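Here is a short report on one strand and the residues around it. Please keep the model open as you read.

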Amino acid sequence: MHIEKHPVLGRQLHKPVTIYFNDQPYQAYTQQSVAAALMANGIKKLGVSRKLVQSRGLFCSRGRCCSCYMTIDGEDHVRSCLTEVEEGMRIYPNMDDPEVRREIDED
C-alpha cells in the first residue's frame, strides 16, 4: 500500500513507474527506494542470509545493516533501501551465494 498523502509531510507520491520483481510488473513512484516500493507492493522477503540461509527483509532502511541486498539491473548485492526506482528496473531477491554457502557446508 502506497501512502498517497501523509498527514504531516503532505503529498508524497510522484510520477508512477513500472518495476519488475522476479519478472512480474509492479507499480512504484519516482524518488521511492526499491525496498520501499517492494514493501508497498506487499513484498517483504528481499533475500536470504548468507550463512544461515534465513529470510531477510528491510531492517534499518538507511544502508547500515546490509539486510536488503538485492540484484538490481544485473548488479549483485545492491542495497535496495538506498537505490531509487527507475522505469523498467529489473529486481531479483538475493537468494543464493554459492561460494559462501559451500564453505559453510564443508565445516
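A contact means heavy atoms within 4.5 Å. This is a predicted model: local features need pLDDT of at least 70, side-chain atom pairs count only at pLDDT 80 or more, and totals for chains, interfaces and linings use all residues. Residues are numbered from 1 along each chain as its sequence is written, and side-chain values use heavy atoms, with hydrogens and water left out.

**Met89**

Met89 sits in the loop between β8 (75-79) and β9. Helices (H or I, at least four residues) and strands (E, at least two) are DSSP runs, numbered from the N terminus. Residues up to four places away in sequence are not counted in the contacts of Met89. Its partners are then Thr18, Ile19, Tyr20, Val34, Ile72, Asp73, Thr83 and Glu84. Pro25 is 64 residues from Met89 along the chain, yet their C-alpha atoms are separated by 9.7 Å.

**Accessibility**

Buried means under 20% relative accessible area, exposed over 50%, and partly exposed in between (1.4 Å probe, protein chains only). Three residues can be set side by side.

| Residue | Relative accessible area | Class |
|---|---|---|
| Met89 | 3% | buried |
| Arg90 | 34% | partly exposed |
| Asp23 | 44% | partly exposed |

**Arg90 and its partners**

How many salt bridges does a search of the whole structure find? It finds one. The term stands for a side-chain nitrogen of Lys or Arg within 4 Å of a carboxyl oxygen of Asp or Glu. Here the side chains of Asp23 and Arg90 meet at 3.5 Å, N to O. Asp23 lies in the loop between β3 (16-21) and β4 (24-29), and Arg90 lies in strand β9 (residues 90-93), so the salt bridge ties together parts 67 residues apart in sequence.

Arg90 also lies over the face of Tyr20, at 4.1 Å from the ring centre. A charge counts as over a ring if NZ of Lys or CZ of Arg is within 6 Å of the ring centre and within 35 degrees of the ring normal.

**Strand β9**

In a regular strand the side chains alternate between the two faces of the sheet. The covered face of β9 carries Ile91 and Pro93. Arg90 and Tyr92 are on the uncovered face.

Two strands pair if DSSP finds at least two bridges between them. β3 and β9 run parallel and are joined by two bridges. Tyr20 has Arg90 as its bridge partner in β9. Strand β7 (residues 69-72) pairs with β9 in the antiparallel sense, over three bridges. There, Met70 has Pro93 as its bridge partner in β9.
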